[in-house]
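Me: I should like to become acquainted with this structure through a few questions. Kindly reason through each answer.

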Amino acid sequence: MKRSKRLSHFDKSGQAHMVDVGGKPETHRVARACGAIRMERSTLKLILSGGAKKGDVLGVARVAAIQGAKRAGDLIPLCHPLRLTRVAAEFSAEKRPPAIRLVVTVETVGQTGVEMEALAAVSTGLLTIYDMCKAVDRAMVIEDIKLLEKSGGRSGHFRREEP
């Protein structure tokens, strides 16, 4: 598949603009993104045991991820506000190094893709974990946020090839 050699969010004179998707057909679009937050082993234990002072960290982070997907158009200046049909956030714990990994899947039927919504959801979910646990671990590191896969639309299917 041939990729464009120009940035789509700039017009011919170099001015930023929102891409016109009005003439594009509505198609089913899906995007999956992921990221992780590394932490001290004791912080991971606290989260998994449900013993965090602020409550169910992963439950709150799941709701935050969903909200992040819904608000991507408000946060990212040239991102279209979309009618989402599904947002799913899945957490997993990693022992070495101690971390929580988040994978978010976002779906819509529309004229533009949901990559930004998936990436915003991952970022928001991981930032929420940081916020809820910073009292016990300020050295947490959010890392490796990336698009894993997207489908639907003119540009076709993308799947990240991981070693």
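Reply: A definition is needed at the outset: Ala, Val, Leu, Ile, Met, Phe, Trp, Tyr, Cys and Pro count as nonpolar, Asp, Glu, Lys and Arg as charged, and the others, Gly among them, as polar. Please note also that the model is predicted.

Me: How do the residues of the lining of the largest cavity divide into nonpolar, polar and charged?

Reply: The lining consists of A69, K70, A72, G73, P81, L82, L84 and E117. Because Lys and Glu count as charged and Gly as polar, K70 and E117 belong to the charged group and G73 to the polar one. The division is therefore five nonpolar, one polar and two charged.

Me: Which elements give two or more residues to the lining of the largest cavity?

Reply: The structure holds one cavity of 30 Å³ or more, and the volume of the largest cavity is about 30 Å³. The elements in question are α2 (57-70) and α3 (72-75).

Me: Which are the edge strands of the open sheet?

Reply: Five strands with antiparallel pairing make up the open sheet, in the order β2-β3-β1-β4-β5. An edge strand pairs on one side only, and this holds for β2 (84-94) and β5 (158-159).

Me: Which residue in β3 is the bridge partner of A31?

Reply: Strands β1 (residues 27-38) and β3 (residues 99-110) run antiparallel and are joined by twelve bridges. In β3, the partner of A31 is V106.

Me: What accessible area do L127, I142 and I145 have together?

Reply: L127 lies in helix α4 (residues 115-133). With I142 and I145, L127 forms a nonpolar surface patch, whose accessible area is about 230 Å².

Conventions. Residues are numbered from 1 along each chain as its sequence is written. This is a predicted model: local features need pLDDT of at least 70, side-chain atom pairs count only at pLDDT 80 or more; totals for chains, interfaces and linings use all residues. Side-chain values use heavy atoms; hydrogens and water are left out. On a 1 Å grid over the protein atoms alone, a cavity is a set of points where a 1.4 Å probe fits but cannot get out, and a pocket is an open set with protein on both sides within 12 Å along at least five of seven lines; lining residues have an atom within 4 Å of a point. Grid points are joined across faces, edges and corners, and a volume is the space filled by probe spheres set on the points. Helices (H or I, at least four residues) and strands (E, at least two) are DSSP runs, numbered from the N terminus. Patches are made of residues with over 30% relative accessible area and no salt bridge: like charges are joined within 9 Å, nonpolar side chains (Val, Leu, Ile, Met, Phe, Trp, Tyr) within 5 Å. Accessible areas come from the Shrake-Rupley method with a 1.4 Å probe; for residues, only the protein chains shown count as cover. A salt bridge is a side-chain nitrogen of Lys or Arg within 4 Å of a carboxyl oxygen of Asp or Glu. Two strands pair if DSSP finds at least two bridges between them.
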